[in-house]
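Work through the exercises below with the model in view. Try each task before reading its solution.

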Amino acid sequence: HTESSIGIYCTPTIQGSRSGGLIASAWSCMMNMGEEGYQREAKLIMDAVKVIKEGIDSIDGLEVAGNPVMAVVGFISTGKLNVY
């Protein structure tokens, strides 16, 4: 924001002016879990995503939207099924 009335605005984090508490919390968790712990938890999440995708695919009238590679799984109606 170089055209701001207060001049150039910059912050040390992507969160902008929000508290650094979330960053500190994430860092603390990562330091506590370590790389192996992180990989273990990531595998558990991805295994759960696989189960959710298979469950959605087994329901007539629903299908997974796209190919989720992380923990967000979207689905769409393929027929007259009202997902709302």
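**Exercise 1. Find the buried residues of α1 and what they pack against.**

Step 1. The buried residues of α1 are G37, V49 and I56. Buried means under 20% relative accessible area, exposed means over 50%, and partly exposed lies in between (1.4 Å probe, protein chains only).

Step 2. These buried residues of α1 pack against β1 (62-64) and β2 (75-77). Contact here means heavy atoms within 4.5 Å. Helices (H or I, at least four residues) and strands (E, at least two) are DSSP runs, numbered from the N terminus.

Step 3. Know the basis of these values. This is a predicted model, in which local features need pLDDT of at least 70, side-chain atom pairs count only at pLDDT 80 or more, and totals for chains, interfaces and linings use all residues. Residues are numbered from 1 along each chain as its sequence is written, and side-chain values use heavy atoms, with hydrogens and water left out.

**Exercise 2. Describe the chain as a whole.**

Step 1. Count the elements: the chain has one helix and two strands. Their order along the sequence is α-β-β.

Step 2. Turn to burial. The chain has 84 residues, and 8% of them count as buried.

Step 3. Take the contacts between residues at least 6 apart in sequence. Of these, 6% join residues at least 24 apart.

Step 4. Look at the surface. The chain exposes about 7200 Å² (Shrake-Rupley method, 1.4 Å probe; for residues, only the protein chains shown count as cover). Carbon and sulfur atoms supply 60% of that area.

**Exercise 3. Compare the span of α1 with that of a straight helix.**

Step 1. Start with the straight case. A helix of 37 residues would span 54 Å at 1.5 Å a residue. The expected span is 1.5 Å times one less than the number of residues.

Step 2. Now take the model. Between its end C-alpha atoms, α1 spans only 39 Å.

Step 3. Locate the bend. At G34, α1 bends by about 100°. The bend is the angle between axes fitted to the seven residues ending there and the seven starting there.

**Exercise 4. Which residues form a salt bridge with E41 and with D47?**

Step 1. Search the whole structure: two salt bridges turn up. A salt bridge is a side-chain nitrogen of Lys or Arg within 4 Å of a carboxyl oxygen of Asp or Glu. Side chains of opposite charge can pair when their charged atoms come close.

Step 2. E41 pairs with R40, with the closest N and O atoms 3.8 Å apart. E41 is partly exposed, at 33% relative accessibility.

Step 3. D47 pairs with K43, with the closest N and O atoms 2.9 Å apart. D47 and K43 are four residues apart in helix α1, so about one helical turn separates them.

Step 4. Check their exposure. D47 is partly exposed at 35% relative accessibility, while K43 is exposed at 52%.

**Exercise 5. Place T78 and list what T78 touches.**

Step 1. T78 lies in the segment after β2. Its relative accessible area is 45%, so T78 is partly exposed.

Step 2. Leave out residues up to four places away in sequence. T78 then touches G61, L62 and E63.

Step 3. T78 and D60 are 18 residues apart along the chain, and their C-alpha atoms are separated by 8.3 Å.
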